[in-house]
Amino acid sequence: MKILSIQSAVAFGHVGNSAAVFPLQRIGVEVLPVYTVNFSNHTGYGAWRGPMISPDDVREVLLGIEERGVLPQIDVVLSGYQGGEGIADVILDAVKRVKAANPAAVYSCDPVMGNAKSGCFVAPAIPVLLRDRVVPAADIITPNQFELGFLTGTEPDSLESTLASVELVRATGPRTVLVTSVERPDREDGTIEMLAVDDSGAWLVQTPYIPMKANGSGDVTAALFTAHYRRTGDLADALARTTSSVFELLSRTHESGERELQLVESQDAYANPPMQFTPYRVA
């Protein structure tokens, strides 16, 4: 499998491609990383250095890849955080070109906007752009519960309302939806859930809640879920494998006391997930 991953990169820490590439490689995926920024560290520190790469320069890199004749071999285009408005056009053009070269290819979009605790942390134009142009072009999307609400103009909280919101967003284009950080009022204390839905049905998985903020964990989740699902087409299995790997990564990071993901130290959890969580069908 080959994945064209158009995301940010940092020298220190693990977000964007700096979070997604290694876990994908560890499960045997060939990744073509294309960078949208090249920062010293993620912006959560409040200070960083390095350039935001212009859309024209990103387009040039993608054109160079196309000139090598690689696009027919691409199985997935993956995108995450979009720092500026112009990059969306570049990503959508890349998706169009890849699908023209390989009609079986899919586009997986992590529509990064924010979360329930912090609110939106992207430029004001980005959520609207994602909702109106990018998400409808995607085959797979991986929003958190907060982002799902914005995409659909709803406030999902219960399982029923979250499923209803998923169906609303699926009607706009993407057939497969992974909802992360699902927090419904009637779940067990000290737990958190993920919900995956495609044409075959809906599956929910519950894990203990780890009390920490982990920049980049969503990028790892989107990458692993996309790869597992694209490889097998088995939604429940992709959800189980992703959940297992990411829980191990977060557990190790929490135990380390470090702020940054213990991405390399957790590598066995990607290649050989312990499969300690079993999704169950909810629709």
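A residue is called buried under 20% relative accessible area, exposed over 50%, and partly exposed in between. The structure described here is a predicted model. With a relative accessible area of 38%, R175 is therefore partly exposed. The salt bridge that R175 forms is described below, after the sheet, the helices and the nonpolar cores.

The model contains an open sheet of nine strands, in the order β2-β1-β3-β4-β7-β8-β9-β10-β11, with mixed pairing. The edges are occupied by β2 (30–39) and β11 (280–281); each has a single partner strand, so one side of each is left without a neighbour in the sheet. Within the sheet, β3 is paired in the parallel sense with β1 over four bridges. Strand β3 (residues 76–79) is also joined by four bridges to β4 (residues 106–109), and these two strands run parallel. The bridge partner of S79 in β4 is C109, while L78 in β3 is the bridge partner of S5. Between β3 and β4 the chain passes through helix α3 (residues 86–101), and this β-α-β crossover is right-handed.

In a regular strand, side chains alternate between the two faces of the sheet. In β3, V76 and L78 point one way, whereas V77 and S79 point the other way. All four of these residues are buried. S5, located in strand β1, has a relative accessibility of 0% and so counts as buried. Beyond its neighbours within four places in sequence, S5 is in contact with N17, V31, L32, P33, V34 and L78. L78 is thus both a contact of S5 and the bridge partner of S5 in β3.

Two helices were examined for their packing against the sheet. Helix α7 (residues 217–232) lies across β1 (2–10), β3, β4, β7 (140–141), β8 and β9, and runs at about 145° to β8. Helix α8 (residues 235–256) also packs on the sheet, where it touches β8, β9 and β10 (201–208). The direction of α8 makes about 20° with that of β10.

The largest nonpolar core comprises 43 residues, and L4, I6, Y107 and L195 are those with the most contacts inside it. Helix α3 supplies the largest share of this core, eight residues. When residues up to four places away in sequence are not counted, Y107 touches V77, S79, Q82, I91, L92, V95, K99, V134, A137, A138, D139 and I140. Another core, of 35 residues, lies apart from the largest one and includes I27, A227, L235 and L250.

Side chains of opposite charge can pair when their charged atoms come close. The structure holds 14 salt bridges. One of them joins the side chains of E167 and R170, at 3.0 Å from N to O. E167 and R170 are three residues apart in helix α6 (residues 159–170), and so are separated by about one helical turn. The surroundings of the two side chains differ in accessibility: E167 is partly exposed, with a relative accessible area of 40%, whereas R170 is buried, at 6%.

The side chains of D199 and R175 meet in a salt bridge at 2.9 Å, N to O. D199 lies in the loop between β9 and β10 and R175 in the loop between α6 and β8, so the pair ties together parts that are 24 residues apart in sequence. D199 is exposed, with a relative accessible area of 59%, and R175 is partly exposed, at 38%.

A salt bridge is also formed between E183 and R187, with 3.4 Å between the closest N and O atoms. E183 counts as partly exposed at 30% relative accessibility, and R187 is partly exposed at 23%. Elsewhere, R59, E66, D93 and R97 are linked in a network of salt bridges.

D186 is located in the loop between β8 (176–182) and β9 (191–198). With a relative accessible area of 59%, D186 is exposed. D186 and S251 are 65 residues apart in sequence, and their C-alpha atoms are 24 Å apart in space.

Note on methods: Residues numbered from 1 in each chain as written. Predicted model: local features only at pLDDT ≥ 70, side-chain atom pairs only at ≥ 80, totals over all residues. Heavy atoms only, no water. Buried < 20%, exposed > 50% of the residue type's maximum accessible area, 1.4 Å probe, protein only. Pairing = 2+ DSSP bridges. Contact = heavy atoms within 4.5 Å. Axes fitted to C-alpha atoms, helices over the stretch in contact; angles between N-to-C directions. Right-handed = clockwise from strand over helix to strand, strands pointing away. Core = buried A, V, L, I, M, F, W, Y, C linked by side-chain atoms within 4.5 Å. Salt bridge = Lys/Arg side-chain N within 4 Å of Asp/Glu carboxyl O.
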